[in-house]
Amino acid sequence: GIVNSLKQKLEDTRSESQAEIARLTAVADESKHASETMTARVADMERDAETSSRMLTEATDAEEGARKQVQVLQAEMESLKQESGAALAKAQAEWEQATERAVQDAEQRGLEQGRADAGKDSSEREASLQEQIERVKEQSKGIVNSLKQKLEDTRSESQAEI
């Protein structure tokens, strides 16, 4: 009876051990699967990190390139401003010279006209002379306004181009 009892206990222990081994095997399989999943996730994260690093490098390079382009454009814009200023100064000087010459020419023509019209009333001659001077001034203003507009158009085009 004792031997049979021991045999039964041994059989029960063996069955329990086999059930426990089956549970441990299932846990080990789950652990292996979780480990493989984590390994795959870590690999994905590493690839993502590499991609992010590469994108950051590209963005930094693009930003540096954009900064350099802005510097070049600013230098060109400054150069255009200087050229525009010089062109405006030149145009104003030419306008002043042209106006002065036109006034002198008008005065000279007026004097010549005055001599030719010695018999005419002096106020009539003066009015004629003044009229000629005003016409020359208006023509000069038209020329200057045209030059200013051309300069402004050039400046606007340059800024738009920049």
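Q: Which helices supply at least two residues each to the lining of the largest cavity?
A: In this predicted model, α1 (2-116) and α2 (122-161) both do. Met 77, Leu 80, Lys 81, Arg 155, Ser 158 and Gln 159 make up that lining.

Q: What makes those six count as lining residues?
A: A lining residue has an atom within 4 Å of a cavity point, and Met 77, Leu 80, Lys 81, Arg 155, Ser 158 and Gln 159 line this one.

Q: How do the lining residues divide by chemical type?
A: There are two nonpolar, two polar and two charged. Met and Leu count as nonpolar, Lys and Arg as charged, so Ser and Gln fall in the polar group.

Q: How many cavities pass the volume cut-off?
A: Just one cavity is counted at 30 Å³ or more. The largest cavity holds about 50 Å³, and it's called a cavity because a 1.4 Å probe fits there but cannot get out.

Q: What does the rest of the fold consist of, in helices and strands?
A: The protein has two helices and zero strands.

Q: How do you know how the protein compares with a compact globule?
A: Look at the radius of gyration: a compact globule of 162 residues would come out near 15 Å, but here we get 49 Å. The C-alpha trace fits that picture, spanning about 170 × 25 × 15 Å along its principal axes.

Q: What share of the residues counts as buried?
A: Of the 162 residues, 10% do, where buried means under 20% relative accessible area. The protein exposes about 13100 Å², with carbon and sulfur atoms supplying 53% of it.

Methods
Residues numbered from 1 in each chain as written. Predicted model: local features only at pLDDT ≥ 70, side-chain atom pairs only at ≥ 80, totals over all residues. Heavy atoms only, no water. 1 Å grid on protein atoms, 1.4 Å probe; cavity = no way out; pocket = protein on both sides within 12 Å on 5 of 7 lines; lining within 4 Å. Points joined across faces, edges and corners; volume = space filled by probe spheres on them. Helix = DSSP H or I, 4+ residues; strand = E, 2+ residues; numbered from the N terminus. Rg over C-alpha atoms; globule rule 2.2 N^0.38 Å. Buried < 20%, exposed > 50% of the residue type's maximum accessible area, 1.4 Å probe, protein only. Areas by Shrake-Rupley, 256 points an atom, 1.4 Å probe, with all protein chains shown as cover.
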